[in-house]
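The exercises below invite a reader new to this structure to work from the whole chain down to a single residue. Each task is followed by a solution that goes step by step.

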Amino acid sequence: MDRSLYRRDPGPTPARQADGVTLRPLTPDDDTALGTLMERAYAGTIDDDLGDNNDGAVEIAAWRQRAIADASFVAVGEDNQPLAASLVSPGRDGTAMIAYVITDPQCKGRGLGTAVVAASLQALPGAVVLAGVTDGNTPSERLLTSLGFVRTGPVT
C-alpha cells in the first residue's frame, strides 16, 4: 500500500474535547487494552494488516520502545477503558511523528480521534509534526487536515 506524508508546522492548536470522555496521557498500563483496541479498530479497513503482523500487542510493544510518552494521549470512557488514542514517536531531523491514531469502531464520528491528536499537538509546542497515512484512508486524511496538516507527498 502506498502512503502519503502529512506535515504540520508549529502553530496554535485549538483545544478539541469530545463529550463523555476524559483525555489523559497514556501509561504502560494501557498497552494491553490498546493492542486489543488497535485490532478491532483496524479490522476490515485499508490498514487491516497492522504492519504485516496482525497483532496489536506487537505493534504497541514496538511503538512503546520509541514512544514520546508525554505527547501520546488516550480518550477513556467512564470505565477508564481506551476509546481512542494518539501514539507519538520521534521523527527524522527533530520532528515528531503521529505513529498511530486509533478509534474504537463504535465511537467513530464523535471527534475522539481529533481530540487525542489535538492533545498530542498541544504537548508538542514548537515541533514540526508528521504523520504517514495509507492512501485512501479518507477519515485519517480529513482528521489531519482539520488540524492544519498538509499532504507533502509520498512517504519515502
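**Exercise 1. Work out what share of the protein chain is buried, and describe its overall dimensions and fold.**

Solution. Begin with burial: in this predicted model, buried residues account for 45% of the 156 residues in the protein chain. Next, list the secondary structure, which comes to four helices and seven strands, arranged along the sequence in the pattern β-β-α-α-β-β-β-α-β-α-β. The radius of gyration is 14 Å, close to the 15 Å that the globule rule gives for 156 residues, so the protein chain is as compact as a globular protein of that length. Along its principal axes, the C-alpha trace spans about 35 × 35 × 30 Å. Finally, turn to the surface, where the protein chain exposes about 7,900 Å², with carbon and sulfur atoms supplying 50% of that area.

**Exercise 2. Identify the residues with the most contacts inside the largest nonpolar core, and trace the elements that contribute to this core.**

Solution. The largest nonpolar core has 17 residues, and those with the most contacts inside it are Ile98, Leu124, Val129, Leu144, Leu147 and Phe149. Two or more residues of this core come from each of strand S5 (96-103), helix H3 (112-122), strand S6 (129-134) and helix H4 (138-146). A second, separate core holds 14 residues, including Leu26, Trp63, Val76 and Tyr100. To follow one member of the largest core outward, take Ile98: leaving out residues up to four places away in sequence, Ile98 touches several residues, among them Leu87, Val117, Val129 and Phe149. For the chain as a whole, among contacts between residues at least 6 apart in sequence, 69% join residues at least 24 apart.

**Exercise 3. Decide whether Asp9 is buried, partly exposed or exposed, and describe its surroundings.**

Solution. First place the residue: Asp9 lies in the loop between strand S1 (3-8) and strand S2 (22-25). The relative accessible area of Asp9 is 43%, and since buried means under 20% and exposed means over 50%, Asp9 is therefore partly exposed. Then look for its partners, beginning with the side chain of Arg7, which is joined to that of Asp9 by a polar contact of 2.7 Å. Once neighbours within four places in sequence are left aside, Asp9 is in contact with Ala127 and Val128. As a last step, compare positions along the chain and in space: Asp9 and Asp55 are 46 residues apart along the chain, and their C-alpha atoms are separated by 32 Å.

Key:
Residues numbered from 1 in each chain as written. Predicted model: local features only at pLDDT ≥ 70, side-chain atom pairs only at ≥ 80, totals over all residues. Heavy atoms only, no water. Core = buried A, V, L, I, M, F, W, Y, C linked by side-chain atoms within 4.5 Å. Buried < 20%, exposed > 50% of the residue type's maximum accessible area, 1.4 Å probe, protein only. Contact = heavy atoms within 4.5 Å. Polar contact = N/O pair within 3.5 Å; in protein donor to acceptor, adjacent residues only side chain to side chain. Rg over C-alpha atoms; globule rule 2.2 N^0.38 Å. Areas by Shrake-Rupley, 256 points an atom, 1.4 Å probe, with all protein chains shown as cover.
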